[in-house]
Amino acid sequence: MSKMSELDATIRELRDIASSINSIANWLTGAFSGNSDTEDAAPVEATEPALTLEQVRAILAEKSRSGFTAQVRDLLLKYGAKKLSEIDPENYKALVADAEVLGNG
């Protein structure tokens with residue numbers, strides 16, 4: 001695993017941890033705010049932080065360095081772009097999911 005890939009994974013883990021801590025803090029605030037209906041309240045779901053262009057670029061670059069340059073290019077075309085900066089950020093999660101299976105088959 002390259003250093004960039006390790007760094008990307010570490011950053012993702014830190015963001016997940018931060019999201020969890022935020023959810024816990026919200027729960028604790030509600031639990032100790034003196035609200036008697038706190039126990040009946042629905043739990044707050046943690047939202048997954050959005051991927052950034054830099055994170056997606058690092059993932060795709062690692063796949064390309066691993067010999068999947070043509071497949072990465074095909075993925076970009078699948079999402080209607082010739083380069084990553086042309087892809088709608090709303091599609092980053094799906095693009096990364098598609099890229100992560102490259103080489104696993």
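**Figure 1. A nonpolar patch on the surface of the predicted model.** In this predicted model, Ile 24, Trp 27, Leu 28 and Phe 32 together make a nonpolar surface patch of about 490 Å². One of these residues, Ile 24, belongs to helix H1, and its relative accessible area of 48% is the reason why Ile 24 is classed as partly exposed, since that class lies between the 20% limit for buried and the 50% limit for exposed residues.

**Figure 2. Helix H1 and its buried residues.** Helix H1 covers residues 3-31, and because each residue should add 1.5 Å, its 29 residues are expected to span 42 Å, which agrees with the 42 Å that separates its end C-alpha atoms. Within H1, the residues Asp 8, Ser 19 and Ser 23 are buried, and the buried residues of this helix pack against H2.

**Figure 3. Glu 62 in helix H2.** Glu 62 is found in helix H2, which is formed by residues 53-78. Is Glu 62 buried or exposed? With a relative accessible area of 19%, Glu 62 counts as buried, because the cut-off for this class is under 20%. When residues up to four places away in sequence are not counted, Glu 62 touches Ser 2 and Ser 5.

**Figure 4. The largest nonpolar core and the contacts of Leu 84.** Which members of the largest nonpolar core touch the most other members? Among its 15 residues, these are Val 56, Leu 60, Leu 76, Leu 84, Ile 87 and Leu 95. Helix H2 and helix H3, the latter made of residues 92-100, each supply at least two residues of this core, and the largest share, six residues, comes from H2. In soluble globular proteins, nonpolar side chains tend to be buried together. Leu 84, when its neighbours within four places in sequence are left aside, is in contact with Leu 53, Val 56, Arg 57, Leu 60, Leu 76, Tyr 92 and Leu 95.

**Figure 5. The whole chain, as a setting for the close-up views.** The chain holds three helices and zero strands, so that, read from the N terminus on, the order of its elements is α-α-α. Of its 105 residues, 22% count as buried, and the accessible surface of the chain comes to about 7600 Å², with 55% of that surface belonging to carbon and sulfur atoms. Among the contacts in the chain with a separation of 6 or more, 63% are accounted for by residues 24 or more positions apart.

Key:
Residues numbered from 1 in each chain as written. Predicted model: local features only at pLDDT ≥ 70, side-chain atom pairs only at ≥ 80, totals over all residues. Heavy atoms only, no water. Helix = DSSP H or I, 4+ residues; strand = E, 2+ residues; numbered from the N terminus. Buried < 20%, exposed > 50% of the residue type's maximum accessible area, 1.4 Å probe, protein only. Contact = heavy atoms within 4.5 Å. Areas by Shrake-Rupley, 256 points an atom, 1.4 Å probe, with all protein chains shown as cover. Expected span 1.5 Å × (residues − 1). Patch = residues over 30% accessible without salt bridge, like charges linked within 9 Å, V, L, I, M, F, W, Y side chains within 5 Å. Salt bridge = Lys/Arg side-chain N within 4 Å of Asp/Glu carboxyl O. Core = buried A, V, L, I, M, F, W, Y, C linked by side-chain atoms within 4.5 Å.
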